[in-house]
Amino acid sequence: MSTSIKHEIALQDLLVKMSIDPKWGPDIKGGKFQQTVKKIGKEELLHVNLHAFYSERKGRWLQILAHLTTIFSNGISLLSDELNTSNDNELIETSLFNEFFSSPFLWNIEFSIPHPLGYGKGIEKATAFIYFLRSQKEMLPLKLVELFELEYAIFKASYKLPSKNTSLIEGTLYKNTSATIIKTNYDVLSVIEGSEELHTLLPRESFYIISPLNKTYRINVDYFTLLSSFEEGYTTDNLNDSERNIISSALKLRILCSNALDIDEQLITHKH
């Protein structure tokens, strides 16, 4: 019985793979899909209406792109310009997106953040996409990749359950798992703010903190250097007045917390 259940799950995964991954198309002679269905004795799956199949796959690609666009609203638009595409249909057909639809980042649920309502991993695709872009960063302008990184950090701060806050400066503190402390070579926040165009940005070292309180701030290098030391935990002994002020403000913004693994379990209250 357990073998049958495992087989059904494998078959379901296979059909999902076929419906999204361009390298698993049923019409690719000797391809991965054809080899797999022959191996499991399901060759009847090869007899599909290819016109309907391609229409459905295109719809799934557009759904994924629509999900990404809500998170990377600036980045996706500028990526489309970079790839010389004029609409979503052209964008999903580019080699970059075809590689993403086939990439292990999209198909491994570990490249996703657990859903805040407790549905588990694999629902959001932004994490998979940012990891994919990092693997392709040599092919893209640095300022564009940095813009995607900042938009992802803003998304993560609003999506991921934040660690419990603490008002105590003493002891060992950690960077909040929902917060991001980031350094960029371009002031890409100005693009999100609408005060600059990406193509006009000149190199300018910039530092930001992205708070789970849905706030993004520019910070100076001293602030960045101190807060970066809390990534793996930092004991707040022998702080000077300037450092105490920085840490105090970071605690209020929930950038730091007392225990990185201490997650609120009841952040979302269901009304009955």
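This short talk covers the two largest pockets of the structure above.

First, the ground rules. This is a predicted model, where local features need pLDDT of at least 70, side-chain atom pairs count only at pLDDT 80 or more, and totals for chains, interfaces and linings use all residues. Residues are numbered from 1 along each chain as its sequence is written, and side-chain values use heavy atoms, with hydrogens and water left out.

Now the terms. A pocket is an open set of points on a 1 Å grid over the protein atoms alone, where a 1.4 Å probe fits, with protein on both sides within 12 Å along at least five of seven lines. Lining residues have an atom within 4 Å of a point. Volume is the space filled by probe spheres set on the points, which are joined across faces, edges and corners.

Start with the largest pocket. It holds about 570 Å³ of space. Its lining has 24 residues, and Tyr131, Arg134, Glu149, Tyr152 and Lys156 lie nearest the centre. Helix H8 (126-135), helix H9 (142-159) and strand E2 (180-184) each give two or more residues to that lining. H9 gives the most, with 7. Helices here are DSSP runs of H or I, at least four residues, and strands are E runs of at least two, numbered from the N terminus.

On to the second largest pocket. About 380 Å³ of space lies there. It is lined by 18 residues, with Val16, Leu106, Trp107, Gly122 and Lys125 nearest its centre. Helix H1 (2-20), helix H3 (50-71) and helix H7 (104-107) each give two or more. Here H1 gives the most, with 4 residues.
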